[in-house]
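Dear colleague,

I am passing on the structure we spoke about, with the sequence alongside. Please have it open while you read the notes underneath.

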Amino acid sequence: MTRLRAKLGDKGMSDPEVKVWADAVLINMSRSTYFLHPPVTMEDLKADILRYDETITASLDGARTAFAAKRSQRAVVTKDLRIIGHYVEENCDNDPAIFLTSG
């Protein structure tokens, strides 16, 4: 049997695409009754996504420091998603229906 795998990388994704992906995970994990104790709380993920959104907006003026802050915060959000993804893989009992509730 093939083991279910979560999408863990953001390579080739734009900043808005990463934000949409993170928002989808946040919404679905918050609603899921199967993943009650993720290693990254949904409150922490929400705060990290909000900071990421703010850095995306701030970087639109092209300032180097704002761009660096955006890259740094993107790394924080993708790390959160990677940790949550591994948690979901380990706790879904390889059931696609349960797996998909994570977003």
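What follows is a short account of the helices, of how they pack, and of one charged pair.

Please keep in mind that this is a predicted model. The protein has four helices and zero strands, so that its elements, read along the sequence, give the pattern α-α-α-α. The C-alpha trace spans about 50 × 25 × 15 Å along its principal axes.

I would begin with helix H3, residues 64-91, since the other findings all involve this helix in some way. For its 28 residues, a rise of 1.5 Å a residue leads one to expect a span of 40 Å, and the 41 Å between its end C-alpha atoms agrees with that. After H3 comes Asp-93, which has a positive phi, near 55°.

How do H2 and H3 lie relative to each other? The axes of helix H2 (residues 42-58) and H3 come within 8 Å and cross at roughly 155°, and because angles over 145 degrees count as roughly antiparallel, that is the description that applies to H2 and H3. Their crossing is left-handed. On the H2 side the contact includes Leu-45, Ile-49, Tyr-52 and Ile-56, and on the H3 side the residues include Ala-69, Gln-73, Val-77 and Ile-84. By character, the residues of this contact divide into twelve nonpolar, two polar and five charged.

Helix H1 (residues 15-31) also packs against H3, here at an angle of about 40° and with the axes 11 Å apart, and H1 and H3 are therefore oblique to each other. H1, too, passes H3 in a left-handed crossing. Among the residues that make the contact are Val-18, Trp-21, Val-25 and Met-29 of H1, together with Lys-70, Leu-81, Tyr-87 and Val-88 of H3. The residues of the contact between H1 and H3 comprise ten nonpolar, one polar and three charged. You will find Lys-70, Arg-74, Val-77, Leu-81 and Ile-84 of H3 listed in both contacts, that with H1 and that with H2.

Finally, a search of the whole structure finds six salt bridges. In one of these, the side chains of Glu-90 and Arg-3 meet with an N to O distance of 2.1 Å. Glu-90 belongs to helix H3 whereas Arg-3 sits in the segment before H1, so this pair ties together parts that are 87 residues apart in sequence. In general terms, side chains of opposite charge can pair when their charged atoms come close.

With best wishes

How values were computed:
Residues numbered from 1 in each chain as written. Predicted model: local features only at pLDDT ≥ 70, side-chain atom pairs only at ≥ 80, totals over all residues. Heavy atoms only, no water. Helix = DSSP H or I, 4+ residues; strand = E, 2+ residues; numbered from the N terminus. Expected span 1.5 Å × (residues − 1). Axes fitted to C-alpha atoms, helices over the stretch in contact; angles between N-to-C directions. Parallel < 35°, antiparallel > 145°, perpendicular 65-115°, else oblique. Left-handed = near helix turned anticlockwise from the far one by under 90°. Contact = heavy atoms within 4.5 Å. Nonpolar A, V, L, I, M, F, W, Y, C, P; charged D, E, K, R; others polar. Salt bridge = Lys/Arg side-chain N within 4 Å of Asp/Glu carboxyl O.
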